[in-house]
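Trainee: I have the ligand complex open and would like to go through it with you. Could we begin with the ligand?
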Amino acid sequence: MTRGAILSGLGTWLPPQVVTNDMLSSELDTSDEWIRTRTGIGRRHIASPGMSTGHLATEAARRALKSAGTDRVDVVIVATSTPDRPCPATAPVVASALGLTGTGAFDVAAVCTGFVYALATAAGLITGQVADSALVIGADTFSTILDPRDRTTRVIFGDGAGAVVLRAGDRAEEGALRGFDLGSDGTGVDLITVPGGGSEQRLSGTEAAPGDQYFHMDGPQVFTRAVRYMTGSVRKVLDAAALAPEDLAHLVPHQANVRILDTCARELGLPAERVVKNIDRVGNTVAASIPLALAAGAADGRLRAGDPVVLTGFGGGLTWGSALLTWPGGLTVIDG
Ligand code: ACO
């Protein structure tokens, strides 16, 4: 037997407040028609005042633990770029809220690629025998960092959380993570960024440029790079496993924009129905995007035990990454 990391639980949580395209159109110069045709998004969930990323993460994690039939893990990793506080990490607070005080806990920041990076980290801890189990949570509340007047970002992002439990097992069994590809290009730092509030441009003691506390994105530049980096990364992770795109049962991509997903599918030669999409219902939920899409693909019965599935993401940094796994049998997803 070769030691591997096995997906054994999956849970999600979306804040109850739903914001439709028509609601956004009543306060911004946009329309349901523009948002649907340019992004594929119909609605998104938004955290209410006082509801933090840690809150969303805890709710999703509770459901993932229940799905895995356990209340203990050796390590808790939260992928987020909207932590509860700039310091410390959100993961220790989430771990304690779950009754896991004393458990190793830390955050991973890779924006929309955060969940894939956190999954790779957890799998490495398990195969390296540092841990026998891990809780990996992707959670973000981007609504808290968007400029309320910016129609290009307000229409895209939604809040949410998704979590998985990994356990040690045999690399050959169903549910095993079989390979990863991770990449970055820091020369693209300005394409997806919150410029103010870090150690580079401090919000106290210096005069921050107006609006620098908000999220900024160069949409068209991000669009073309997202396609290039995600398709390249999918090919790399498949090549390493001696698989071709046509061997793939399903691709579960970061839900950035439906046109990005369709272009990736076309470039990889994948039929549209092999790409899992739930962006119409949740928008771009950043680190939560991939686990929420996994749950959607499992719920509609598309992801079946033994299927080779690739998760792929792209985001700020710039960062990108993919994971190959065999879909587990007998997984009960718990949504909230
Ligand atoms: N409603 C109406 N019109 C709009 C809106 C809106 N919400 N937003 C932009 N427009 C206008 C623009 O002002 C522009 O008008 P102009 O031609 O008069 O100048 C026109 O629409 C076209 O603008 P573009 O920015 O070229 O529109 P595009 O088709 O590229 O769509 C979008 C913009 C949706 C942002 C797209 O570029 C995109 O999805 N990019 C990728 C975003 C992404 O994937 N991000 C993921 C990473 S983010 C992360 O890591 C956190």
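Mentor: Keeping in mind that this is a predicted model, we can begin at Pro 220, where a polar backbone atom is 3.5 Å from an oxygen atom of the ligand.

Trainee: How much of the ligand's area does the protein bury?
Mentor: Taken alone, the ligand exposes 1,000 Å², and the protein buries 74% of that.

Trainee: Which elements give two or more residues to the shell around it?
Mentor: They are helix H2 (32-39), helix H6 (151-154), helix H7 (219-240) and helix H8 (258-268), and of these H7 gives the most, with four residues.

Trainee: What polar contacts are there besides Pro 220?
Mentor: A side-chain N or O atom of Arg 38 is 2.6 Å from an oxygen atom of the ligand, while at Gly 219 a backbone N or O atom lies 3.1 Å from a nitrogen atom of the ligand.

Trainee: And which residues come nearest overall?
Mentor: Thr 30, Arg 38, Cys 112, Arg 151 and Asn 257 come nearest, out of 27 residues around the ligand; by class, that shell has 15 nonpolar, eight polar and four charged residues.

Trainee: Where does the ligand lie with respect to the domains?
Mentor: Domain 1 (3-170) and domain 2 (177-326) both contribute residues to the shell, so the ligand lies between them.

Trainee: Changing topic, what does UniProt list as "active site"?
Mentor: The unreviewed UniProt entry lists Cys 112, His 254 and Asn 284 under that heading. They are spread over 173 residues of sequence, yet they cluster in space, with a largest C-alpha distance of 8.7 Å, and the lining of the second largest pocket takes in Cys 112, His 254 and Asn 284.

Trainee: Where in the chain is Cys 112?
Mentor: Cys 112 sits in the loop between strand S5 (104-108) and helix H5 (114-127). Val 111 is found in that loop between S5 and H5 as well, and its phi is near 50°, a positive value in a residue other than glycine.

Trainee: Why does a positive phi deserve a remark?
Mentor: Because most residues other than glycine have a negative phi, and, in a similar way, most peptide bonds are trans.

Trainee: Which peptide bonds are cis here, then?
Mentor: A cis bond joins Cys 87 and Pro 88, with omega about 0°, and Pro 88 lies in the loop between strand S4 (75-79) and helix H4 (91-97). The bond from Gly 317 to Leu 318 is also cis, with omega near -10°, and Leu 318 belongs to the loop between strand S12 (308-315) and strand S13 (319-326).

Definitions and conventions. Residues are numbered from 1 along each chain as its sequence is written. This is a predicted model: local features need pLDDT of at least 70, side-chain atom pairs count only at pLDDT 80 or more; totals for chains, interfaces and linings use all residues. Side-chain values use heavy atoms; hydrogens and water are left out. A residue is near a molecule or strand if one of its heavy atoms lies within 4 Å of it. A polar contact is a pair of N or O atoms within 3.5 Å; within protein, one must be able to donate a hydrogen and the other to accept it, and residues adjacent in sequence count only if both atoms are side-chain atoms. Accessible areas come from the Shrake-Rupley method with a 1.4 Å probe; for residues, only the protein chains shown count as cover. Ala, Val, Leu, Ile, Met, Phe, Trp, Tyr, Cys and Pro count as nonpolar, Asp, Glu, Lys and Arg as charged, and the others, Gly among them, as polar. Domain bounds come from an automatic or database domain assignment. UniProt positions are given in the numbering used here, feature names are shortened, and annotations may be inferred rather than shown by experiment. On a 1 Å grid over the protein atoms alone, a cavity is a set of points where a 1.4 Å probe fits but cannot get out, and a pocket is an open set with protein on both sides within 12 Å along at least five of seven lines; lining residues have an atom within 4 Å of a point.
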